[in-house]
Amino acid sequence: MARVDADVTPVVYVGVVGVNVVVTEYGRAASTALAQEIVAAKAGVALAPVTVIVPSNFAGLAARRMLGSGSLGVKGVANVNFVTPFRLAELLSVGELRGRRPLTMPVLGAAVRRALAEDPRHFANVRDHQATEQALATVVSELSNVSVAGREAIRKNGGPAAAIIEMFDAINTHLRGFHDEADVARAAARRPDLTQVVGPFGHLIWHLPGPGSAPLAGFLRAVLGAAPATVIAATSGDAQADHEVVRTISNAGIEFPAGEPGSSSPPLAQHVISVTDADEEVRAVLR
């Protein structure tokens, strides 16, 4: 394997679940850290599998282009897969949701309309309005990420929130036989053979953790504990700005290094460029 020449040397820690946590800066430093960790994970075996968990498909595309450009000290890499957390959950939940079909927006909309037709509750005056259907569909998507205990706690508080939980339950009675993203994440995390099925993915690198749902956080907690894993976390140096990164990693059961973030100096603007519109702003930045 080629050697990686790093401009910024990241600090490596070990979290509570045995996961290496690499704290670095955003931009090229984070890309360099990723190249370093891929080389280390392959341990001299060019075709050793490595899976990089990225916050979005766009982030994965950018990382692949940076690795392939040769500017990070690596002349390309082989057998490195880039997936989002949900895509990895999809791959690992195969066979765990037999007899249930993926929930689509048209199916969800039909379930909402049927529940409103049967008992609109306090939505009686607006049950035929499209905005009502859209709002309730959004509520179902959000509440599906909340645990049963959490929904019961909301119900016990009474008031409008409890009425929403009742409507959520009514809608769900028409969604039996379907599964959503939260079900996929939970099914993958609960696999009794998770260690075996994640083996072919090789070393896992969680690159630039981003906010996600509670079920996805639970899935990442399970999968990162079932395989050799590394987390590459980028910080700005401002504790308030980096709070979400710390919380995301902590929700996945990984201890963020003590004293971080804040080790790097936050970037400061040196001058202001005034432009006419958003398009010109992009062009000015690219120039």
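Me: pLDDT is the predictor's confidence in each residue, from 0 to 100; over which residues does pLDDT stay under 50 here?

Reply: This is a predicted model, in which local features need pLDDT of at least 70 and side-chain atom pairs count only at pLDDT 80 or more, while totals for chains, interfaces and linings use all residues. Residues are numbered from 1 along each chain as its sequence is written, and side-chain values use heavy atoms, with hydrogens and water left out. pLDDT stays under 50 over residues 1–9, and it does so again over residues 11–16.

Me: How many contacts beyond four places in sequence does the model have for those two stretches?

Reply: Counting heavy atoms within 4.5 Å as a contact, the model has 24 such contacts for residues 1–9 and 17 for residues 11–16.

Me: And what does the chain average?

Reply: The chain averages a pLDDT of 87, and 91% of its residues score at least 70. Among the elements, strand S1 (residues 11–14) has the lowest mean, 44, whereas strand S3 (residues 50–53) has the highest, 97.

Me: How many helices and strands are there?

Reply: There are twelve helices and eight strands in the chain, taken as DSSP runs numbered from the N terminus (helices H or I, at least four residues; strands E, at least two). The C-alpha atoms fill a box of roughly 65 × 55 × 35 Å along the principal axes.

Me: What share of the chain is buried?

Reply: Buried residues make up 40% of the 287 in the chain. Of the contacts between residues at least 6 apart in sequence, 77% join residues at least 24 apart.

Me: Switching to helix packing, at what angle do H4 and H7 pack?

Reply: Helix H4 (residues 105–118) and helix H7 (residues 159–172) pack at about 115°, with their axes 8 Å apart; angles run from 0 to 180 degrees between N-to-C directions.

Me: Which residues make that contact?

Reply: From H4 there are Leu108, Ala111, Val112, Ala115 and Leu116, and from H7 there are Met167, Ala170 and Ile171. The residues of this contact divide into eight nonpolar, no polar and no charged.

Me: Last one: where is Arg87, and why does it count as partly exposed?

Reply: Arg87 is found in helix H3 (residues 85–92), and it counts as partly exposed because its relative accessibility is 40%, where buried means under 20%, exposed over 50%, and partly exposed in between (1.4 Å probe, protein chains only). The C-alpha atoms of Arg87 and Asn57 are separated by 9.9 Å, with the two residues 30 apart along the chain.

Terms used: Nonpolar A, V, L, I, M, F, W, Y, C, P; charged D, E, K, R; others polar.
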